[in-house]
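Dear colleague,

I am handing over the structure we spoke about, and it is placed just below so that you can have it open while reading. My notes on what was found in it follow after that.

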Amino acid sequence: MLLLHRVSKAFRGLRAVDEVSFEVDAGSIAALIGPNGAGKTTTFNMIAGVFPPDAGEIVFAGRAIHGLRPDQVCVAGIGRTFQLVKPFAGLSVLDNVMVGALLRERTTAGARRVALEVLERLHLAAKRDLPAASLTLPDRKRLEVARALATRPTLLLLDEVMAGLRPVECDQMVEVFRSLNREGLTILLIEHVMRAVMALAGHIVVLHHGRVIARGAPDDIVRDPAVLECYLGEETEV
Amino acid sequence: MDWTLVANVVAAGLLTGLVYGLMALGLSVIFGVVRVVNFAHGEMMTVAMYAAVALFAAWKWDPFLAMLPVALAFFFLGYLLQAGLINPFITRPEHSQFMLLVAVAIIMVNALLMSFGPDARNVQVDYQLESFEAGPLLLDKARAYAAGAALAAAAALFAFFRYTLTGKAIRACADNWLGAKVIGLDVKRLYALTFGLGSACVAVAGCAMVLLVDVSPPLGPYYTLLAFVIVIVGGLGSMGGALLGGVLIGVSEALAGLFITPSAKSMFSFGLLILVLLLRPQGLLGRRA
Amino acid sequence: MNRRLVLLGLLAAALVALPAFAGPYALSVATLILYFAYAGQAWNVMMGFAGQLSLGHSLYVGVGAYTAGALYFHFGIGPWAGLWVAIAACVAFALVIGFLAFRFGISGVYFALLTIAFAEFTRIGFDHLAWTGGPGGMFLRVEQRETWDLANFRGPPAMYYYTMLALAAGAFALCAALVRSRAGYYWQAIRENEEAAQALGINTFRWKMLAVAISAAMTAVSGVFFAFYYNNLFPEQIFHISRSIEIILGPIIGGLGTLFGPILGAAVLTLLSDGVTELLAALGIETPGIKQVFYGLLLLVVVMFLPHGIWPPIARRLRL
């Protein structure tokens, strides 16, 4: 469904992402992991159209999407969250999600219906009339997901949505994504919380210094010596 | 075309431009550090000009002598303005800061109108009619002194930021507000200090300017706009850029006045502003954010 | 919701009935309030909804006024036909400015300064445009002021009042509809966080352009009214930055991004300014500038203590 082929990006000479290739199958959940500064968010931003890759191709649903603007990528069917949450602080929770829902709904009434469904799913319905600015961090993360979901993506990019969540909240989120995935949503997530990665991902890509150093099933990845050395060895957050 | 005339006009524009540059330097320093756009900048300039006029009228103080007390008074005024009024606004949105400073500007300009009336005022010193001769160039003495004072004040400010501990601390604040706070700098005091210094620049520029033009209250908004044009052209937050922008605007105004018509001179400046905004929004000497 | 409608109905009824009770002076003040309410509403579309700070709206007042004014002055073309040309001219200006600013990534303070620069540039341009009288101004003929002549927009003060009332009401209704539409949601999203808005599939460039165009078109209408109400146009007056500030004071004081803010703000500011004038006259103080100093002080107090404007706390109190 999503294919990256030798994608590279440099910032001021520093190769943040270096010939990265991987594939995400339709209907799967894949995870992109790696230590800080490995190039995960840069890869995400290139998929989402924040900036174009210097070289390489990104193909989504059979169509090259590198070079498209973020809004065009979203229209093509890719929803994303931001690692540093970006709520529309002055708007209510419901209005935040309605903005997303309006992408595929012709009327505001329709968008409201979709938004309420999504909020229900993410356990935010009770807070729908609060201003987004008043939400706690875990709720803001949920709102971030809700907004992206409301655009009815076929591929959802999640950038560290579990960070800062308590284990119970994290498990709840995992459950939400599992059920979404069962309904056909493809998910690519960046995650540091290994508990969530192991619970969700069927396929893991490990980045280190901008390169793919390993990929495969979770059980294989945790035994891969290269991964253990660069990543799991120094991470304590399991 | 008489080239001596052109050369003389350019030289005069350059000298006036240095005074403009010092005025804009104040705005630029304030923006660079406090991140607040001082929409009352030209009004402050006009207040300084009137202060020089008043000191001259009362005690025959030469504006260059008046510079020191006026700059000192402006330093404290700016310090208090920042500490008392603007500090609570630094975390508020831009339009909110804008309204605050517009209110301050309205008060300033109309307080001047109340105190001095609508008529243009000036000072008359004997060296205003004298000039230096340098080859074909005839430089007005007053203009040359004014430019010299502007350069000296700018140099003092450069030195302050470069060599003193406080100056370095202020630069640290400008680079990284949070970092400065973390290492224990009193950011609010440094902001107030910066606003005070920016105001002192305006004071010196105002005292110098009063020798070159007549002052009336509507000059306030005009100078505010002019200062904006200059700092945007030179690069908001860049000290050298402010001086360069001032000179560019001074010379282009002078040339526009010679070749087109004096009343169209600011059209030239605004045209330049639009071009710079579009082609090099960080300004000629500004760094890209 | 019903409470709101009842209050709105009462307000509308009072405004419609006003000329029956008000003298000529009160009527002119009321017309001025409605004028600022209207222009503020127009500016609010751009800043209050879409978050694009324009400090150069005098440009659209001026271009609107001069376009319709010149068509009438030179060719005898009436204001109703001139209106459309004025709107087209202002929208063209707005789209050029918007295109340049948004394509070149100019935002915030820089955008505000760009709008000032365009307004000033145009002001000086009109100062040198002989066709519209240059700095000496352009004066529109007034044949009569007694009977309602809507076609040429000439008549008694009540006609201007009702026109302005209709415009203000229309702008209110338009903004109320806009803010609840897709455009309203998208603009507010852009205002709150442009990057997030774009990630949700919003073509931010296009929607910002729409906000700028609608705001300019609405302001153009206020310019045409200005031309035929005052009948004399000077670049120095109409394009001046103080005219832009006048327009934006209302919505900011009243409550940015709210529907009632511009109306309330216009009323409060106009009445305050007039009240101060009256008070000073009664006290026999005639020093020029003193009124504006009071005005500035009041502004300062409101900006400092009511950062979101006067309307939001009142709305809460009235439980609207």
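Which backbone nitrogen does a side-chain oxygen of C:Ser181 reach at the start of H7(C)? It is that of C:Ala183, and the side-chain oxygen of C:Ser181 comes to within 3.2 Å of it. Please keep in mind, here and in everything below, that this is a predicted model.

The helix that begins there, H7 of chain C, covers residues 182-192 and is mostly covered, with eight of its eleven residues buried. The buried residues of H7(C) are C:Ala183, C:Gly184, C:Tyr185, C:Tyr186, C:Trp187, C:Gln188, C:Ala189 and C:Ile190, so C:Ala183, whose backbone nitrogen is approached by C:Ser181, belongs to this buried set under the cut-off of 20% relative accessible area. The packing partners of these buried residues come from two chains: helix H3 (93-101) and helix H4 (108-121) belong to chain A, while helix H2 (24-49), helix H6 (157-179), helix H8 (194-199) and helix H9 (204-230) belong to chain C itself.

Turning to the contacts between chains, there are two pairs of chains in contact, and of these chains B and C share the most contacts. Chain A and chain B, by comparison, do not touch, and their nearest C-alpha atoms lie 13 Å apart.

Between chain C and chain B, 38 residues of chain C are in contact with 38 residues of chain B, and the two chains bury about 3600 Å² between them, with 86% of that area on carbon and sulfur atoms. On the side of chain C, the residues that lose the most area to chain B are C:Tyr110, C:Leu113 and C:Phe121, which together make up 16% of what that side buries. The elements of chain C that give two or more residues to this side are helix H5 (109-127), helix H11 (241-254) and helix H13 (290-305), and the largest share, eleven residues, comes from H5(C). By residue class, the side of chain C that touches chain B divides into 30 nonpolar, seven polar and one charged. As for specific polar interactions, the count between chain C and chain B is zero salt bridges and two residue pairs in polar contact, both at pLDDT 80 or more.

The other interface that I looked at lies within chain A, where the domain assignment gives domain 1 (1-77 + 153-238) and domain 2 (85-152). The centres of these two domains, taken over C-alpha atoms, are separated by 24 Å, and the contact takes 21 residues from domain 1 of chain A and 13 residues from domain 2 of chain A. Together the two domains bury about 1400 Å², of which 65% is on carbon and sulfur atoms.

Across this domain interface the rule finds one salt bridge, and in chain A the side chains of A:Arg121 and A:Glu183 meet in a salt bridge with an N to O distance of 2.5 Å. The rule also finds six residue pairs in polar contact between domain 1 and domain 2 of chain A, both residues at pLDDT 80 or more. The side of domain 1 that touches domain 2 receives two or more residues from each of helix H2 (70-76), strand S7 (155-159) and helix H6 (167-182) of chain A, with the largest share, seven residues, coming from H6(A). The residues on that side of domain 1 of chain A divide into 13 nonpolar, five polar and three charged.

With best regards

Conventions: Residues are numbered from 1 along each chain as its sequence is written. Chains are lettered from A and ligands numbered from 1 in the order in which they are written. This is a predicted model: local features need pLDDT of at least 70, side-chain atom pairs count only at pLDDT 80 or more; totals for chains, interfaces and linings use all residues. Side-chain values use heavy atoms; hydrogens and water are left out. Contact means heavy atoms within 4.5 Å. Buried area is the accessible area (1.4 Å probe) that two parts lose on being put together, summed over both. A salt bridge is a side-chain nitrogen of Lys or Arg within 4 Å of a carboxyl oxygen of Asp or Glu. A polar contact is a pair of N or O atoms within 3.5 Å; within protein, one must be able to donate a hydrogen and the other to accept it, and residues adjacent in sequence count only if both atoms are side-chain atoms. Helices (H or I, at least four residues) and strands (E, at least two) are DSSP runs, numbered from the N terminus. Ala, Val, Leu, Ile, Met, Phe, Trp, Tyr, Cys and Pro count as nonpolar, Asp, Glu, Lys and Arg as charged, and the others, Gly among them, as polar. Buried means under 20% relative accessible area, exposed over 50%, partly exposed in between (1.4 Å probe, protein chains only). Domain bounds come from an automatic or database domain assignment.
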